[in-house]
Amino acid sequence: MSRKFIVYIAVTADGFIARSDGSFDFLDKRPAENHGMKAFLRSVDAIVWGRKTWDQAAMMGIPKFGPKIRNHVFSRGAQVSPEFVSESPADFARRERGEPGKNLWIMGGGELIG
């Protein structure tokens with residue numbers, strides 16, 4: 001069975017996943033309910049990030065979800081660490097689907113999800 005790429009994101013009532021400036025600080029203002037997040041995190045072993053989403057999350061101090069979850073950050077710019085990916089999303093998806101493991105969570109952003 002091949003691994004799945006799952007988009008699991010918060011969306012505002014008006015259908016946006018981020019403010020016009022790219023921030024998603026409104027997520028800190030949500031109620032403290034878990035909304036199934038713990039169970040979801042057990043189903044993935046990697047997170048796929050867009051660079052802008054990664055940068056926003058880093059400013060909020062949240063880009064790591066534990067030692068057993070790998071991070072892959074898509075960036076057209078300089079590769080600042082091994083977790084940064086410069087290959088095309090299609091090539092990455094083909095390769096990752098063939099690897100053993102759990103599903104991959106597409107954390108954002110809008111360009112990568114599109």
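Biologist: Which residue forms a salt bridge with Glu96?

Modeller: The general idea comes first: side chains of opposite charge can pair when their charged atoms come close. Here, Glu96 forms a salt bridge with Arg3, and the closest N and O atoms are 2.8 Å apart. The term salt bridge stands for a side-chain nitrogen of Lys or Arg within 4 Å of a carboxyl oxygen of Asp or Glu. This pair links distant parts of the chain, since Glu96 belongs to helix α3 (residues 89–98) and Arg3 to the segment before β1, 93 residues apart. Helices (H or I, at least four residues) and strands (E, at least two) are DSSP runs, numbered from the N terminus.

Biologist: What should I know about the model and its numbering before reading on?

Modeller: This is a predicted model, in which local features need pLDDT of at least 70 and side-chain atom pairs count only at pLDDT 80 or more, while totals for chains, interfaces and linings use all residues. Residues are numbered from 1 along each chain as its sequence is written, and side-chain values use heavy atoms, with hydrogens and water left out.

Biologist: Are Glu96 and Arg3 buried or exposed?

Modeller: Buried means under 20% relative accessible area, exposed means over 50%, and partly exposed lies in between (1.4 Å probe, protein chains only). Glu96 has a relative accessible area of 5% and is buried. Arg3 is buried too, with a value of 3%.

Biologist: Which other side chain has a polar contact of 2.6 Å with Arg3?

Modeller: A polar contact is a pair of N or O atoms within 3.5 Å; within protein, one must be able to donate a hydrogen and the other to accept it, and residues adjacent in sequence count only if both atoms are side-chain atoms. The side chains of Arg3 and Asp45 are joined by such a contact of 2.6 Å, and those of Arg3 and Glu96 by one of 2.8 Å. Leaving aside neighbours within four places in sequence, Arg3 also has contacts (heavy atoms within 4.5 Å) with residues including Ala46, Arg97, Pro100 and Leu104.

Biologist: How many salt bridges does the structure hold?

Modeller: There are 9 salt bridges in the structure. A network of them links Arg3, Asp45, Arg70, Glu87, Arg95 and Glu96. Within it, the side chains of Arg95 and Glu96 meet at 2.9 Å, N to O. Arg95 counts as partly exposed, at 38% relative accessibility.

Biologist: How far apart, N to O, are the side chains of Arg51 and Asp55 in their salt bridge?

Modeller: Arg51 and Asp55 meet at 3.1 Å. They are 4 residues apart in helix α2 (residues 51–60), so about one helical turn separates them. Arg51 is partly exposed at 28% relative accessibility, and Asp55 is partly exposed at 33%.

Biologist: Now for the sheet. What is the order of its strands?

Modeller: Strands of a sheet pair through backbone hydrogen bonds, either parallel or antiparallel. In this model, an open sheet of 5 strands follows the order β1-β5-β2-β3-β4, with parallel pairing. β1 and β4 (84–85) stand at the edges with a single partner strand each, so one side of each has no neighbour in the sheet. Two strands are said to pair if DSSP finds at least two bridges between them.

Biologist: How many bridges join β2 to strand β3, and how many pair β2 with strand β5?

Modeller: β2 runs parallel to strand β3 (residues 70–74), joined by 5 bridges. β2 and strand β5 (residues 103–108) also pair in the parallel sense, over 5 bridges. Val48 shows both pairings: its bridge partner in β5 is Ile106, and its partner in β3 is His72. Towards the edges, strand β1 (residues 5–7) pairs with β5 over 3 bridges, where Val7 stands opposite Ile106. β3 and β4 pair over 2 bridges, with Val73 opposite Phe84.

Biologist: Why is β2 described as largely enclosed?

Modeller: In strand β2 (residues 44–50), 7 of the 7 residues are buried, so the strand is largely enclosed by the rest of the structure. β5 is likewise largely enclosed, because 6 of its 6 residues are buried.
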